[in-house]
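Open the model in your viewer and keep the sequence panel beside it. The tour goes from one selection to the next.

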Amino acid sequence: MNRSKSQAAATESTSKSISTMARKQSSKRKLILFVLLSVLALVSFLPVFASLPSLSSHSQDLHFHLPRHQRQHHRPKIDVRKFEIAEDMFWKDGKPFQLIGGDLHYFRVLPEYWEDRLLRAKALGLNTIQTYIPWNLHEPEPGKLVFEGIADLVSFLKLCQKLGLLVMLRVGPYICGEWDLGGFPAWLLSIHPDVRLRSSDPAYLQKVDGWWGVLLPKVAPLLYGNGGPIIMVQIENEFGSYGDDKAYLSHLVKLARGHVGEDIILYTTDGGSQETLEKGTIQGHGVFAAVDFTTGDNPWPIFKLQKEFNSPGKSPPLSSEFYTGWLTHWSEKMARTNPDFTAAALEKIVSRNGSVVLYMAHGGTNFGFYNGANTGVDDSDYKPDLTSYDYDAPITESGDVENAKFKAIRRVLGKYSSVSLPSVPPNNKKTGYGSIQLKRTTFLFDLLDEIDSAHIVEAENPTAMEYLNQMFGFVLYVSEYAAKTGRSKLVIPKVHDRAQVFISCSPEVNGGQVSYVGTIERWSNQAIDLPNAKCVSNTSLFILVENMGRVNYGPYIFDRKGILSSVYVDGRVLKRWKMISIPFHNLNEVPKFNPVIQTASEFHKVYTHKKLEHQSDGVLEGPSFYTGHISIDTTTEVTDTYISLRGWGKGIAFVNEFNIGRYWPTSGPQCNLYIPAPMLRHGENILVIFELESPNPKLLVDSVDQPDFTCGPRQASVDRF
């Protein structure tokens, strides 16, 4: 080998090695510098990364602990309206959204007050309104659809949008809600063979298909993606507490999707337990499972359980019924909940970015005959709800907000709100218009001759109210029996809900004088002694049965009204009955039995020719109509008021032919009935009372400026928290 060439080659090789080593060292220094800079950058932006959501429960838990200003989320910018669920959060138009809602039911508030109540809800700190839709309000008779007045759902939804409030729509078909029959039309109970409610019974589903075929197209244009306020639509309601029929729930989902499309969020609400969620959720159909639970429960373990029933990334923590108060039945003490306790429980959810819907934000009133009822150990353990649905909510029945609960909840919601809350409106003015003198205008039995024969049905056995094509009010059952020497015993094994019993002889004997002999109640059914009326022929038996509200929750919701069994006198079954419908009218329905209110409103007709005698130890002067005037001078502002029924027995009241509901001060706790100002007018306002038992001895009622829930024996206490 040539030495010079070998040296040259060696020198070149050495030079290349040195150059390579230099490049490697330079690259290593650059890599180290890059790593250092990356570490510094990571440390600098750690709060941002820490706030990004993770599908792991640990990361999500960390996210909810972070202050609001440290939460930064990035999703692709969208140019269309869209409300969705992703990364275990709600997203509105591409931005994270904490849903702060409250139930406020349009059908429990006069339309003239909808805006007033919604503005108060906004001032409380709400960005969303949740409302039920009661099927029975909108279809009181088969095929008769009502969407006007207090049933003008579309106007209510548009008003929510105008005021900047989103809507969660609970379309049923079952709603519960302390509303008659859980929102089902009572005429479903008149179908033969029996329709199995809340099931995949084809006869029932056919009726649901027809109802949703009307309802859902009405609300579809108001879905959020179509420019409206509706962000979510609920399927059924707490079905896991009732049954386990997945075919039924799947049918509802398919039906809903056919009308409202695939983009809207469908959701269910169930109690926060393994059993109720297994039965009530609709997994595999893209339906979001929300939960509710007792106020004061630790919410976060329940939200963790909630995730098991939603798809990965599709479980934002939502308490869809956070109870601000509780319902009250007749004869109970008014339910009250502690404001500070309620607010503290609420803060446990919202402080960690959980979403919540207050039940109720504003309760309102069960006007008309629409109050529901509950049962206990069996269907005879019957507990009807008050006319007032105040619910001890932060916005009271009359809309008052100057109270401790409103302030406590607003304080919590304001603390975690990203925007300033609106100012709080003052309470609406209320006026006591003084004492109102009433006159007895009509004794119910005097009206019998004026009743159209179309309202009278004859049958061998007593017939349920629903089969008489009457869904609310009263039915008078008339038969006769052969009296014996001494007393007879009357037994009615099954009456829903309260029966007042009267006897009389023929008109030729004592002018057909009617005698009251006793009352049979569903919850304490006892036999009644019938005195010997000493009639020349058979003794006439009159049984006035009141429907006090159908059961709305639990296994006994199939709740027909009237006499539901045979009637026995001295062990013998009575046959040949006449059933006389006395329906009055309900909310925005046209009166079916015009002579009742028309005759009762005419002062010049004062019926006195039939005197009611007392044949028992209880004192009773009804059932009769009493009429008076609430006079409002033209110089006086027309405001809300209440009428106090202290000293009266039990009945219903009408103001300017509007059914303001039931009263029962002897049972309590409600003494006063709320009269919103829009019901009243300057001049004379007609008050008609149908008193079943005994009026105030002076025939007076008082118009007062505040509610009163201190009447009755108050046998049970319902202090919830």
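A residue is called buried here when its relative accessible area is under 20%, and exposed when it is over 50%. The model is a predicted one.

**Strand E35**

Select residues 700-704, which make up strand E35. In a regular strand the side chains alternate between the two faces of the sheet. Which side chains of E35 are buried? Val 701 and Ser 703 are, and they point to one face. Leu 700, Asp 702 and Val 704 point to the other face and are not buried.

Now add the partners. Strand E14, residues 434-437, runs antiparallel to E35 and is joined to E35 by four bridges. Within that pairing, Ser 435 has Asp 702 as its bridge partner. Strand E30, residues 641-644, is also antiparallel to E35, with three bridges. Here Ile 643 is paired with Ser 703.

**Whole chain**

Zoom out to show everything. The chain has 721 residues, and 56% of them count as buried. Its secondary structure amounts to 13 helices and 35 strands. Among contacts between residues at least 6 apart in sequence, 79% link residues at least 24 apart. About 29,400 Å² of the chain is exposed, with carbon and sulfur atoms supplying 53% of that area.

**Helix H4**

Select 114-124. This is helix H4, and eight of its 11 residues are buried. Colour the buried ones: Trp 114, Asp 116, Arg 117, Leu 118, Arg 120, Ala 121, Ala 123 and Leu 124. Charged side chains are on that list, including Asp 116 and Arg 117.

What covers the buried residues of H4? Show strand E4 (100-104), strand E5 (128-132) and strand E11 (355-362), which are among the covering elements. Helix H6 (153-162), helix H12 (404-415) and strand E33 (672-675) also belong to the cover. Then step to Gly 125, which follows H4 and has a positive phi, near 120°.

**A four-stranded sheet**

Next, display strands E22, E18, E25 and E26. They form an open antiparallel sheet in the order E22-E18-E25-E26. Strand E22 (528-530) and strand E26 (572-573) are at the edges; each has a single partner strand, so one side of each has no neighbour in the sheet. Pick out E18, residues 488-491: three bridges join this strand to E22, and the two run antiparallel. In that pair, Lys 489 stands opposite Asp 529.

**The second largest pocket**

Rolling a probe the size of a water molecule over the atoms shows where empty space is left. Select Val 478, Ser 479, Ser 540, Phe 542 and Lys 578, the lining residues that lie nearest the centre of the second largest pocket. The pocket holds about 640 Å³ of space, and 23 residues line it. By class, 10 of these are nonpolar, six are polar and seven are charged.

To see which strands contribute, show E16 (456-459), E17 (474-481), E23 (539-546) and E27 (577-582); each supplies at least two residues of the lining.

**The second largest cavity**

How many cavities of 30 Å³ or more are there? The count is four. For the second largest, select Trp 326, Leu 327, Thr 328 and Met 334, then add Asn 366, Asp 385, Leu 386, Ser 388, Tyr 389, Asp 390 and Tyr 391. These residues line about 60 Å³ of space. The lining consists of six nonpolar, three polar and two charged residues.

Definitions and conventions: Residues are numbered from 1 along each chain as its sequence is written. This is a predicted model: local features need pLDDT of at least 70, side-chain atom pairs count only at pLDDT 80 or more; totals for chains, interfaces and linings use all residues. Side-chain values use heavy atoms; hydrogens and water are left out. On a 1 Å grid over the protein atoms alone, a cavity is a set of points where a 1.4 Å probe fits but cannot get out, and a pocket is an open set with protein on both sides within 12 Å along at least five of seven lines; lining residues have an atom within 4 Å of a point. Grid points are joined across faces, edges and corners, and a volume is the space filled by probe spheres set on the points. Buried means under 20% relative accessible area, exposed over 50%, partly exposed in between (1.4 Å probe, protein chains only). Contact means heavy atoms within 4.5 Å. Accessible areas come from the Shrake-Rupley method with a 1.4 Å probe; for residues, only the protein chains shown count as cover. Two strands pair if DSSP finds at least two bridges between them.
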